[in-house]
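Subject: Structure handover

Hello,

Here is the structure I promised to pass on. Please open it alongside this note, and my findings follow below.

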Amino acid sequence: FTLTSFFLEGQTLGKYFCKLKVVATQSDHLSLGTCLIREGLGTLILYRFPILGLCVLFTPQRQNYIDFFTDTLVISLEKFHLMKGSL
């Protein structure tokens with residue numbers, strides 16, 4: 001997942017089919033370190049403490065707990081294209 005997120009610019013196969021993408025809030029692209037922390041360490045922590053998955057329900061932008069540490073967001077490409085077209 002780390003390598004596919006890095007090489008496919010924030011998308012894994014599942015995110016591709018769901019039309020989702022991980023984007024960095026502070027730069028134009030995801031670094032390998034960011035992908036490693038988000039996909040690797042984030043998954044390990046979630047496996048150990050599954051209650052952290054509920055964080056998504058209580059954040060304004062529906063961010064996962066690991067998104068706070070990596071400065072990333074998961075966006076819907078359909079909504080992004082609609083917003084981009086209205087500008």
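Start at Thr-12. Leaving out residues up to four places away in sequence, Thr-12 touches Phe-1, Thr-4 and Ser-5. Thr-12 sits in the loop between α1 and α2 (13-17). Its relative accessibility is 6%, so Thr-12 counts as buried, the limit being under 20%. Bear in mind that this is a predicted model.

**Around Ser-5**

Ser-5 belongs to helix α1, which covers residues 2-7. Is Ser-5 buried or exposed? Ser-5 is buried, because its relative accessible area is 2% and the cut-off for buried is under 20%. Beyond residues up to four places away in sequence, Ser-5 touches Gly-10, Gln-11, Thr-12, Leu-30, Cys-35 and Glu-39. With Glu-39 there is also a polar contact, side chain to side chain, at 3.2 Å.

**Phe-1 and Glu-9**

Phe-1 precedes the helix: it lies in the segment before α1. Phe-1 has a relative accessible area of 72%, so it is exposed, the threshold being over 50%. Setting aside neighbours within four places in sequence, Phe-1 is in contact with Thr-12 and Glu-39. Glu-39 is thus a contact of Phe-1 and a polar partner of Ser-5. There is a long-range approach here as well. Phe-1 and Leu-36 are 35 residues apart along the chain, and their C-alpha atoms are separated by 8.7 Å.

Glu-9 is placed in the loop between α1 and α2. Its relative accessible area is 55%, and Glu-9 is therefore exposed. Glu-9 touches Thr-4, Lys-21 and Val-22, again not counting residues up to four places away in sequence. Thr-4 is also on the contact list of Thr-12. The C-alpha atoms of Glu-9 and Leu-30 are separated by 6.7 Å, with their positions 21 residues apart along the chain.

**Helix α3**

Helix α3 spans residues 32-48, 17 residues in total. From first C-alpha to last, α3 reaches 23 Å. That is close to the 24 Å expected at 1.5 Å a residue. Where is the kink in α3 centred? The kink is centred on Gly-42 and amounts to about 30 degrees.

Gly-42 is one of the buried residues of α3, with Cys-35, Arg-38 and Glu-39. Two of these names came up earlier: Cys-35 and Glu-39 are both touched by Ser-5. The cover over the buried residues of α3 includes α1, α2, β1 (20-24), α4 (65-70) and β2 (72-76).

**Rings**

How many aromatic pairs are there? The count comes to 2. One is formed by Phe-6 and Phe-7. Their centres are 5.1 Å apart and their planes make an angle of 70 degrees. The pair is edge-to-face, because planes over 60 degrees apart count that way. Phe-6 is at 28% relative accessibility, so it counts as partly exposed. Phe-7 is exposed, with a relative accessible area of 60%.

The other pair is Tyr-16 with Phe-17. This pair is edge-to-face too, at 5.4 Å centre to centre and 70 degrees between the planes. Tyr-16 and Phe-17 are both exposed.

A charge also sits over a ring. Arg-48 lies over the face of Phe-49, at 5.8 Å from the ring centre.

**Backbone points**

Most residues other than glycine have a negative phi. Which residues here have a positive one without being glycine? Lys-19 is one, with phi near 60 degrees. Lys-19 lies in the loop between α2 and β1. At 41% relative accessibility, Lys-19 counts as partly exposed.

Arg-62 is another, with a positive phi of about 55 degrees. Arg-62 is found in the loop between α3 and α4. Its relative accessible area is 54%, so Arg-62 is exposed.

**Places to look**

Open Ser-5 and Glu-39, for the 3.2 Å side-chain contact. Then go to Gly-42, for the kink in α3. Finish at Lys-19 and Arg-62, for the positive phi values.

Best wishes

Methods. Residues numbered from 1 in each chain as written. Predicted model: local features only at pLDDT ≥ 70, side-chain atom pairs only at ≥ 80, totals over all residues. Heavy atoms only, no water. Helix = DSSP H or I, 4+ residues; strand = E, 2+ residues; numbered from the N terminus. Buried < 20%, exposed > 50% of the residue type's maximum accessible area, 1.4 Å probe, protein only. Polar contact = N/O pair within 3.5 Å; in protein donor to acceptor, adjacent residues only side chain to side chain. Contact = heavy atoms within 4.5 Å. Phe/Tyr/Trp six-rings, centres within 6.5 Å; stacked < 30°, edge-to-face > 60°. Lys NZ or Arg CZ within 6 Å of the ring centre and 35° of its normal. Expected span 1.5 Å × (residues − 1). Bend = angle between axes of the 7 residues up to and from the residue.
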